[in-house]
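Hello,

Here is the structure I promised to pass on to you. Please have a look at it first, and then read my notes below.

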Amino acid sequence: MIYKRSSALFAEAEKVIPGGVNSPVRAFKGVGGTPIFVKEAKGAYLYDEDGNRLVDYINSWGPMILGHAYKPVVDAVVEKAQKGTSFGMPTEIETKIAELAVSMVPNIDKIRFVNSGTEACMSAVRLARGYTGKDKVIKFAGCYHGHSDSFLIQAGSGASTFGTPNSPGVTQGTAKDTLLAKYNDIDNVNALIESNKGEIACIIIEPVAGNMGCIPPKDGFLQALREVCNANNILLVFDEVMTGFRLSKGGAQELFNVKADIVCFGKVIGGGLPVGAFAARNEIMNHLAPLGPVYQAGTLSGNPLAMAAGLAMLKELNNDGDIFTRLEEKTKYLHEGISKVLVVNDVTHTINRVGSMISVHFDEGAVTDFDSSAYGNNDTFKKFFHGLLNEGVYIAPSAFETWFITDALSYKDLDFTIEAIDKVSKTL
Ligand SMILES: *Cc1c(COP(=O)(O)O)cnc(C)c1O
C-alpha cells in the first residue's frame with residue numbers, strides 16, 4: 001500500500017501539533033512508521049487519504065459499535081445541528097437520554113453527562129471522596145481511567161506504550177493518594193485495605209480490563225471486590241467507559257451480576273461524539289452540585305449534538321434484542337479463525353475475549369494482569385501490525401490495545417481478516 005499523502009499530512013501536522021497528533025497512541029510510536037490519515041469511513045471500513053480501504057478493528061477506540069457513519073446517528077446529529085449547536089441551558093433531549101440510560105443500566109437512579117471518559121472518571125472519584133469523606137483510591141496496574149492526575153499511575157496502553165507509567169507533572173502529593181493493586185489478585189487488594197484502614201474512598205476498576213489488551217476478571221474477583229467494599233465502607237466504581245453499552249445493555253454490571261456504587265461511561269454512550277457520563281443511586285448522586293456540596297460542571301456538558309448522537313445510538317442498542325449476541329458470535333468466529341491460522345503457522349500466542357472485545361498476545365502463558373500482558377513479544381506485534389496494515393486490516397498501533405468488533409463487519413470481512421492474518425503469520 002502507498003501512504004504518500006498520509007506521510008505528507010503527518011509532516012505538516014508535526015509542525016503545529018505536538019507529535020502531529022491530539023492523542024499520543026495515534027502517533028504509531030509503539031509500532032514505528034507514520035500514522036494513517038483518515039479521509040472518511042463507512043460501516044466497517046476506513047478510507048485513508050491515499051485511497052486505501054482498511055477493515056477497521058478500532059472503531060474510534062470503541063464508540064462505533066454499529067459501524068461508521070451509521071445513518072440513524074448521523075441523521076440525528078444533522079437534524080439537531082440545524083437548530084443551534086450549544087445553549088448552555090437545559091434541553092429536553094438531555095432528560096430523554098438520561099431516562100433511557102437509567103432504564104438500561106442496573107442499579108443507577110441518576111446520571112450526569114460530561115464530555116469525555118476522563119472527565120467521567122475524575123468526577124466519579126471526586127464524588128466518592130466527597131461522599132465517604134476519605135481520600136485514598138485503589139486502582140489496578142494496567143487499568144486506564146483517562147489522563148487526570150490521580151490515574152496516571154501505571155495506566156496501561158498509551159502510557160505503557162511509551163514506557164512512562166508515571167507522567168511528570170503529577171505531584172507526589174497526588175500520587176500518594178492512589179494505591180496500586182494487581183488486577184485479578186484479591187489478596188493484594190485486601191492487604192492494601194488492611195494497611196490503609198479507614199482511609200480508602202473507593203476502588204476503581206475496569207470490570208473487564210481493555211487497556212492492557214482484553215483481560216477478563218477471574219471468576220469471583222468482582223464479587224470479592226464487592227464484598228470487601230461492603231465490609232470496609234468503600235465505594236466500588238466500575239469504569240465502564242469501554243464496556244458500557246458494549247458487553248450488554250447494562251454493561252459489565254449486568255454481565256457479571258455485580259452491582260457497582262458509581263458507574264462511568266464514555267465511548268459508545270456518545271455514538272462517536274465527545275460524551276462521558278457517571279451514574280449512581282440517588283443517595284450518592286444527590287451529593288453533586290447543585291443538590292449537594294461536590295462540585296462538577298461543564299460549559300458543553302449535555303451538548304445537544306452529542307446528546308442526539310448518544311440517544312440515537314442507545315435507542316438502536318436498546319431496540320435490537322439480538323445485537324449483543326450477534327456481536328459476540330462474530331467475535332467468537334474471528335477468535336476461532338485467528339487461533340486456527342496462528343496454530344497452523346506455529347505462532348506462539350494467547351487470545352483473550354469477552355463479548356465484542358478481543359486481543360491477540362504473542363505470549364504463550366495466560367494473560368491475566370499487567371505483568372503478563374507486558375510480557376508479550378513486541379517485535380512480533382510490530383511485524384504483525386504492519387503486515388495487516390499492508391493487507392488492508394487496521395488494528396490498534398499498540399500491543400496493549402483491545403480490538404473492538406462492530407456489527408457492520410460481515411462474515412466476509414471476518415474471513416478476509418483471517419486470510420490476511422494467515423498470510424502475515426507466515427512472515428513472523
Ligand atoms: C477510553 C477510556 C477512558 C478515557 O476516556 P476518554 O474519553 O479518552 O477521556 C477511561 N476509561 C476507560 C476504561 C477507557 O477505555
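By class, how many nonpolar, polar and charged residues does the shell around the ligand have? The shell has three nonpolar, six polar and three charged residues. Before going further, please keep in mind that this is a predicted model, and the values below are computed from it.

**The ligand site**

The residues around the ligand are Ser-116, Gly-117, Thr-118, Tyr-144, His-145, Gly-146, Glu-206, Asn-211, Asp-239, Val-241, Met-242 and Lys-267. Two of the polar approaches involve the backbone: a polar backbone atom of Gly-117 lies 2.8 Å from an oxygen atom of the ligand, and a polar backbone atom of Tyr-144 is 3.1 Å from a nitrogen atom of the ligand. With Lys-267 it is the side chain that takes part, an N or O atom there being 2.6 Å from a ligand oxygen. On its own the ligand has 380 Å² of accessible area, and the protein covers 83% of that.

**Lys-267**

This residue deserves a paragraph of its own. In UniProt, an unreviewed entry carries the annotation "modified residue: N6-(pyridoxal phosphate)lysine", and this annotation covers Lys-267. You will find Lys-267 in the loop between strand E9 (262-265) and strand E10 (276-280). Is Lys-267 buried or exposed? Neither label fits, because its relative accessible area is 24%, so Lys-267 counts as partly exposed. Setting aside neighbours within four places in sequence, Lys-267 is in contact with Trp-61, Pro-63, Val-241, Met-242, Gly-272 and Val-275. Val-241 and Met-242 are also among the residues around the ligand.

**Backbone geometry to check**

Most residues other than glycine have a negative phi, and most peptide bonds are trans. Against that background, three places may interest you. Lys-267 has a positive phi, near 50°. Ala-69 also has a positive phi, near 50°; Ala-69 sits in the loop between E3 and H2 and is partly exposed, with a relative accessible area of 31%. Then there is the peptide bond from Ala-289 to Pro-290, which is cis, with omega near 10°. Pro-290 belongs to the loop between helix H10 (282-285) and helix H11 (304-319).

**Gly-67**

The loop between strand E3 (53-56) and helix H2 (71-81) also holds Gly-67. Why does Gly-67 count as buried? Its relative accessible area is 1%, and therefore Gly-67 falls under the 20% limit for buried residues. Beyond four places in sequence, Gly-67 is in contact with Gly-43, Thr-406 and Ala-408. For a sense of distance, Gly-67 and Pro-35 are 32 residues apart along the chain, and their C-alpha atoms are separated by 21 Å.

**Thr-178 and Asp-135**

Thr-178 is part of strand E6 (residues 178-181) and is buried, with a relative accessible area of 8%. The side chain of Thr-178 reaches the backbone oxygen of Ser-150 at 2.8 Å. Not counting residues up to four places away in sequence, Thr-178 touches Val-137, Lys-139, Ser-150 and Ile-153.

How far apart in space are Asp-135 and Thr-178, C-alpha to C-alpha? The distance is 9.0 Å, with their positions 43 residues apart in sequence. Asp-135 is located in the loop between helix H4 (117-132) and strand E5 (136-140). At 49% relative accessibility, Asp-135 counts as partly exposed, because only values over 50% are called exposed. When residues up to four places away in sequence are left out, Asp-135 touches Arg-129, Asp-177 and Glu-199.

**His-349**

Last on my list is His-349, in the loop between helix H12 (323-344) and strand E11 (350-354). With a relative accessible area of 18%, His-349 is buried, since the limit is under 20%. A polar atom of the His-349 side chain lies 2.8 Å from the backbone oxygen of Val-347. Apart from neighbours within four places in sequence, His-349 is in contact with Ser-339, Leu-342, Val-343, His-361, Phe-362, Asp-363 and Glu-364.

Happy browsing, and best wishes!

How values were computed
Residues numbered from 1 in each chain as written. Predicted model: local features only at pLDDT ≥ 70, side-chain atom pairs only at ≥ 80, totals over all residues. Heavy atoms only, no water. Near = heavy atom within 4 Å. Polar contact = N/O pair within 3.5 Å; in protein donor to acceptor, adjacent residues only side chain to side chain. Areas by Shrake-Rupley, 256 points an atom, 1.4 Å probe, with all protein chains shown as cover. Nonpolar A, V, L, I, M, F, W, Y, C, P; charged D, E, K, R; others polar. UniProt positions renumbered as here; feature names shortened; annotations may be inferred. Helix = DSSP H or I, 4+ residues; strand = E, 2+ residues; numbered from the N terminus. Buried < 20%, exposed > 50% of the residue type's maximum accessible area, 1.4 Å probe, protein only. Contact = heavy atoms within 4.5 Å.
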